Amino acid sequence: MTTVGEFMTTRLVTMDGNDTLTAAAQEMRDSAIGDVVVTDGDDVVGIVTDRDITVRGVAEDRNPATTRLNEITSKDVVTVSQNDDVVAAADLMRTYAVRRLPVIEDGHLIGLISMGDLAVEREPQSVLADISADDPNN
């Protein structure tokens, strides 16, 4: 069995739900990432992606300087353990129509696994795996 822990990323950026969309976008730019994990203290309350900022924020005519992450974050977070099977993680992504799953151990965020991570493992010759394995170009 191949586990989530073998492919998850541990290079995470977390932000508080009261942080603004602008702050999140700047953090994504500066860290060359496409998402931040939204937390409330030690609890994971969501994930906000660059697409969320565009679709749920800017396209809805929200002011990025004053709109808070918790206003656009999906509240039902699906999580996995580092010991879970990657096939089960992929099934969860399919079932809940999400592209990223926080990895939680003993109530603490320790990583994140994405559809791209799974593509690298399951279909290394796919376009998604090729893109996901490349260094960021932005």
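1. A nonpolar core, as the term is used in this note, is a set of buried Ala, Val, Leu, Ile, Met, Phe, Trp, Tyr and Cys residues joined through side-chain atoms within 4.5 Å. The model under discussion is predicted. Its largest nonpolar core has 12 residues in all: Val 13, Met 15, Leu 21, Ala 24, Met 28, Ile 33, Val 36, Val 38, Val 48, Ile 53, Leu 69 and Ile 72. Two elements, α1 (21–31) and β2 (35–40), give two or more residues each to this core. The largest share, 3 residues, comes from α1. A second, separate core of 11 residues includes Val 78, Val 86, Ile 113 and Leu 118.

2. Overall architecture. The protein chain contains 5 helices and 5 strands, arranged along the sequence in the pattern β-α-β-β-α-α-β-β-α-α. Of its 138 residues, 37% count as buried. Among the contacts with a separation of 6 or more, 53% are accounted for by residues 24 or more positions apart. The chain exposes about 8100 Å², and carbon and sulfur atoms supply 44% of that area.

3. Helix α1. The buried residues of this helix are Leu 21, Ala 24, Met 28 and Ser 31. They lie on the same side of α1, because the arc they cover around the axis is only 105 degrees. Arg 29 and Asp 30, on the other side of α1, are exposed. The cover over the buried residues of α1 includes β1 (14–16), β2, β3 and α2. Just after the helix, Ala 32 takes a positive phi of about 55 degrees.

4. Glu 27. This residue also lies in helix α1. Is Glu 27 buried, exposed or partly exposed? With a relative accessible area of 29%, Glu 27 is partly exposed, because that class holds values between the 20% limit for buried and the 50% limit for exposed. Leaving aside neighbours within four places in sequence, Glu 27 is in contact with Val 13, Met 15 and Ile 33. These three contact partners also belong to the largest nonpolar core. For one of them, Met 15, the position is 12 residues apart from Glu 27 along the chain, and the two C-alpha atoms are separated by 9.2 Å.

5. Helix α2. In α2 (residues 50–57), the buried residues are Asp 52, Ile 53 and Gly 57. Their arc around the axis is only 100 degrees, which puts them on the same side of α2. What covers them includes α1 and β3 (43–49). Helix α2 is in turn part of the cover over the buried residues of α1. Of the buried residues of α2, Ile 53 is also a member of the largest core.

6. Val 38. Which residues does Val 38 contact, leaving aside its neighbours within four places in sequence? The list comprises Met 15, Asp 16, Gly 17, Asp 43, Val 44, Val 45, Gly 46, Ile 47, Val 48, Leu 69 and Thr 73. Val 38 itself is in the largest core, and so are Met 15, Val 48 and Leu 69.

7. The β4–β5 hairpin. Strand β4 (residues 100–105) and strand β5 (residues 108–114) pair in the antiparallel sense over 6 bridges. Leu 101 has Ile 113 as its bridge partner in β5, and Ile 104 stands opposite Leu 109 in that strand. Ile 113 is also included in the second core. The two strands form a hairpin with 2 residues between them.

8. Positive phi outside glycine. Two loop residues deserve separate mention. Asp 106 is found in the loop between β4 and β5, and its phi is near 50 degrees, a positive value in a residue other than glycine. At 75% relative accessibility, Asp 106 counts as exposed, since the exposed class begins over 50%. Ala 97 lies in the loop between α3 (86–96) and β4. Although Ala 97 is not a glycine, its phi is positive, at about 55 degrees. Ala 97 is exposed as well, with a relative accessible area of 69%.

Methods:
Residues are numbered from 1 along each chain as its sequence is written. This is a predicted model: local features need pLDDT of at least 70, side-chain atom pairs count only at pLDDT 80 or more; totals for chains, interfaces and linings use all residues. Side-chain values use heavy atoms; hydrogens and water are left out. Buried means under 20% relative accessible area, exposed over 50%, partly exposed in between (1.4 Å probe, protein chains only). Helices (H or I, at least four residues) and strands (E, at least two) are DSSP runs, numbered from the N terminus. Contact means heavy atoms within 4.5 Å. The arc is that of the directions from the helix axis to the C-beta atoms. Two strands pair if DSSP finds at least two bridges between them. Accessible areas come from the Shrake-Rupley method with a 1.4 Å probe; for residues, only the protein chains shown count as cover.
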